[in-house]
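Here is a quick tour of a model for someone who likes cut-offs spelled out. Have the viewer open and follow along.

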Amino acid sequence: MANAPHETNTVLKPEVAKPKLPPMFKVLLLNDDYTPMEFVVECLERFFNKNREQATQIMLKVHTEGIGVCGVYPQDIAETKMNQVLTLAKEHQHPLQCVIEPT
Ligand code: TYC
């Protein structure tokens, strides 16, 4: 289409592919004294696609060190996973806490 009278012609730079990676967020589980170990392992299997061995290792790390990483995802996926954990924990009346943090 022709430029309107007030517009100047612009030479566009050739497009250069610049694949932009989205900002990533860690999903973290926090330890508490009440949530059953088995429940935490099941959350890790269900929401973070861990096998039983991986899930048990992460759960034990959180149990002994107080905090641990479940996975790293783009923000919307990290938020969804955090909310899935918090919703299931609430349904079962466990005080399990889950947070996200930028990498
Ligand atoms: N500390 C809990 C217990 O002894 C187990 C637990 C592990 C709880 C990880 C929360 O994120 C957690 N039953």
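Setting aside neighbours within four places in sequence, Thr 35 is in contact with Val 40, His 94, Pro 95 and Leu 96, where contact means heavy atoms within 4.5 Å. Thr 35 sits in the loop between strand 1 and helix 1. With a relative accessibility of 11%, Thr 35 counts as buried; the scale here is buried under 20% relative accessible area, exposed over 50% and partly exposed in between, using a 1.4 Å probe and protein chains only.

A word on what you are looking at: this is a predicted model, with local features needing pLDDT of at least 70, side-chain atom pairs counted only at pLDDT 80 or more, and totals for chains, interfaces and linings using all residues. Residues are numbered from 1 along each chain as its sequence is written, and side-chain values use heavy atoms, with hydrogens and water left out.

**The overall layout**

The protein chain has three helices and three strands, and along the sequence they follow the pattern β-α-α-β-α-β. Both kinds of element are DSSP runs numbered from the N terminus: helices are H or I with at least four residues, strands are E with at least two. Of the 103 residues in the protein chain, 28% are buried. Among contacts with a separation of 6 or more, 70% are between residues 24 or more positions apart. The protein chain exposes about 7,700 Å², and carbon and sulfur atoms supply 56% of that; the areas come from the Shrake-Rupley method with a 1.4 Å probe, and for residues only the protein chains shown count as cover.

**The sheet**

In what order do the three strands of the open sheet run? The order is 2-1-3, with antiparallel pairing. Two strands pair if DSSP finds at least two bridges between them. The edge strands are strand 2 (67-74) and strand 3 (97-102), each pairing on one side only. From one strand to the next, the twist averages 25 degrees; axes are lines fitted to C-alpha atoms, for helices over the stretch in contact, and angles run from 0 to 180 degrees between N-to-C directions.

Strand 1 (residues 24-30) pairs with strand 2 over seven bridges and with strand 3 over six bridges. Lys 26 is a handy residue to click on: it stands opposite Val 72 in strand 2, and its bridge partner in strand 3 is Glu 101. Helix 2 (residues 52-65) lies across strand 1 and strand 2, and runs at about 130 degrees to strand 2.

At Pro 74, which lies in strand 2, there is a link back to an earlier stretch of chain. Pro 74 and Pro 22 are 52 residues apart in sequence but 6.1 Å apart in space, C-alpha to C-alpha. Not counting residues up to four places away, Pro 74 touches Pro 22, Pro 23 and Met 24. At 23% relative accessibility, Pro 74 counts as partly exposed.

**Rings and a lysine**

How many aromatic pairs does a search of the whole structure find? One. Rings of Phe, Tyr and Trp (its six-membered ring) pair if their centres lie within 6.5 Å; planes under 30 degrees apart count as stacked, over 60 as edge-to-face and the rest as tilted. The rings of Phe 48 and Tyr 73 have centres 6.3 Å apart and planes at 40 degrees, so this pair is tilted. It links distant parts of the chain, with Phe 48 in helix 1 (residues 37-48) and Tyr 73 in strand 2, 25 residues apart. Phe 48 and Tyr 73 are both buried.

Lys 81 joins in with both rings. Its charged end sits over the ring of Phe 48, 5.8 Å from the centre, and Lys 81 also lies over the face of Tyr 73, at 5.1 Å from that ring centre. The test is that NZ of Lys or CZ of Arg is within 6 Å of the ring centre and within 35 degrees of the ring normal.

**Positive phi in two loops**

Two residues that are not glycine have a positive phi, as listed here.

| Residue | Phi | Loop | Relative accessible area |
|---|---|---|---|
| Asn 49 | about 55 degrees | between helix 1 and helix 2 | 63%, exposed |
| Gln 93 | about 60 degrees | between helix 3 (75-91) and strand 3 | 73%, exposed |
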